[in-house]
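Student: I'm new to this structure and would love a close look at a single part of it. Could you pick one helix and walk me through its surroundings?

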Amino acid sequence: MTVNDDVLLVHGGTPLEGEIRVRGAKNLVPKAMVAALLGSGPSRLRNVPDIRDVRVVRGLLQLHGVTVRPGDEPGELIMDPSHVESANVADIDAHAGSSRIPILFCGPLLHRLGHAFIPGLGGCDIGGRPIDFHFEVLRQFGAKIEKREGGQYLEAPQRLRGTKIQLPYPSVGATEQVLLTAVLAEGVTELSNAAVEPEIEDLICVLQKMGAIIAMDTDRTIRITGVDSLGGYTHAALPDRLEAASWASAALATEGNIYVRGAQQRSMMTFLNTYRKVGGAFEIDDEGIRFWHPGSQLKSIALETDVHPGFQTDWQQPLVVALTQATGLSIIHETVYESRLGFTSALNQMGAHIQLYRECLGGSNCRFGQRNFLHSAVVSGPTKLQGADLVIPDLRGGFSYLIAALAAQGTSRVHGIDLINRGYENFMEKLVELGAKVELPGKALG
Ligand SMILES: CC(=O)N[C@H]1[C@@H](OP(=O)(O)OP(=O)(O)OC[C@H]2O[C@@H](n3ccc(=O)[nH]c3=O)[C@H](O)[C@@H]2O)O[C@H](CO)[C@@H](O)[C@@H]1O
Ligand SMILES: C=C(OP(=O)(O)O)C(=O)O
């Protein structure tokens, strides 16, 4: 369901209980869809969630002449790039500001067409989010880049060449940029200081199925041997570990019990360790993970976000809501995005005690220390939360507000809920299934 109405009424105080299912990861599926552009034949992607970022990429692929149609199974997409060369990309501007994904079209389009136009990016407003690494690596491959009205124009005067790249920081997007470009470049590319998130490993699996040669070393080095052509792939996307953790945090904050079908231990090990330290309970089986509040007091913790295998930054915001219910002082050090703690001011209006600091309060000094970024927090708990008027600031912050409203006494009005559809499939139906008391004014739910 797509929610057009912008306000959700949340009557808090009811534990979330029941079962929901997570499907393919928001941070993998759109990239696997972009990879289909590299193939000479059709690709088949399974476990595709119905979220806005997928719809955006589907639109972009179609604009570039890729035929995208549902397969026989629910959540299956078949993408045929046979007609990319003859596509007319007139309406690309309509996709400006839609998501982070358009930047990843650079390599595939340069290989196929010799040129690309990339509209301005969207994504969550949680920091400056520059794309300098992306352009720097594309230049190293031999691309020419020019700023034009509404975006960036790129050209590859000749076949892109493999190169030696050292990322200044293990950026997920820049690592994917290198992978999607190097697979068809001439010769070998060696990427050091690469990001190694599970979604990147899954993208590597997709590319290997297409015929790519990619080796991952243990020291964040990825070596790609370019090939002359790639075929299509058949792949089931890895499940969304970020959505799964959001529901786990919701179970904890509302004193509930949620079975997340599809959640996988392997990609969530760091989150699970932290969840246990906070006092959350979980049980893993072959189909998913059950998360619940065991009834005892929750414990405060010190937490630092980091690149994989560290604590993923997208897990941070929902867990902070649960930490408002823990006894004592929790310390959060956000080291990936400089402005990702801004969402806490609304939690304070609801009754939380969260103080932000410019200093690095974790065990390490990060890129944001000694600068003007409120990127550390001290959460003092437990505090009773009260319903409030909330405006959704970003994807995970938005889901965190939903959790806070569900945990609070009284009614909250949550504005801007459509943003959550960018990364959480059918979240309203899931909330209703879990017994949440939510209302879209003027509409029946459930
Ligand atoms: C669609 C998608 O997969 N989004 C994820 C992806 O975002 P995304 O790929 O945008 O995140 P990056 O890993 O690139 O960003 C990490 C850090 O590097 C900086 N940076 C990045 C690129 C660049 O050219 N220059 C630069 O300075 C960013 O400002 C940020 O501080 O990884 C993030 C980190 O796990 C997740 O939070 C996002 O959910
Ligand atoms: C930051 C996120 O996503 P994006 O990179 O798409 O803005 C997120 O999923 O929390």
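Tutor: Happily; what follows is a tour of helix 11 and the residues around it. Please keep in mind that this is a predicted model.

Let's begin with the helix itself. Helix 11 covers residues 395-407, which makes 13 residues. At 1.5 Å a residue, a helix of 13 residues should span 18 Å, and the end C-alpha atoms of helix 11 are 19 Å apart, so the two values agree. At the start of the helix, look for Asp 394: one of its side-chain oxygens comes to within 3.3 Å of the backbone nitrogen of Arg 396.

Next, how much of the helix is covered? Helix 11 is mostly covered, with 12 of its 13 residues buried. Among the buried residues are Leu 395, Arg 396, Gly 397 and Gly 398 near the beginning of the list, and also Phe 399, Ser 400, Tyr 401, Ile 403 and Ala 404. A residue is called buried when its relative accessible area is under 20%.

Now follow Phe 399 to a partner. Phe 399 and Trp 247 form an aromatic pair, with their ring centres 4.9 Å apart and 80° between the planes, which is an edge-to-face arrangement. Trp 247 belongs to helix 7 (residues 241-253) while Phe 399 belongs to helix 11, so this pair ties together parts that are 152 residues apart in sequence. Both of these residues are buried. For context, a search of the whole structure finds 10 aromatic pairs. Elsewhere, ring pairs link Phe 271, Tyr 275, Phe 282, Phe 291, Phe 311 and Trp 315 into a cluster.

A second neighbour worth finding is Val 321, which sits in helix 9 (residues 313-323). Leaving aside residues up to four places away in sequence, Val 321 touches Ser 400, Ile 403 and Ala 404, and also Ala 253 and Leu 347. Ser 400, Ile 403 and Ala 404 are among the buried residues of helix 11. Val 321 has 1% relative accessibility, and therefore counts as buried too.

There is also a general pattern to keep in mind as you turn the model. An α-helix has 3.6 residues a turn, so residues three or four places apart point the same way.

To pull this together, helix 11 is mostly covered, Phe 399 pairs with Trp 247, and Val 321 touches Ser 400, Ile 403 and Ala 404.

How values were computed
Residues numbered from 1 in each chain as written. Chains lettered and ligands numbered in written order. Predicted model: local features only at pLDDT ≥ 70, side-chain atom pairs only at ≥ 80, totals over all residues. Heavy atoms only, no water. Helix = DSSP H or I, 4+ residues; strand = E, 2+ residues; numbered from the N terminus. Expected span 1.5 Å × (residues − 1). Buried < 20%, exposed > 50% of the residue type's maximum accessible area, 1.4 Å probe, protein only. Polar contact = N/O pair within 3.5 Å; in protein donor to acceptor, adjacent residues only side chain to side chain. Phe/Tyr/Trp six-rings, centres within 6.5 Å; stacked < 30°, edge-to-face > 60°. Contact = heavy atoms within 4.5 Å.
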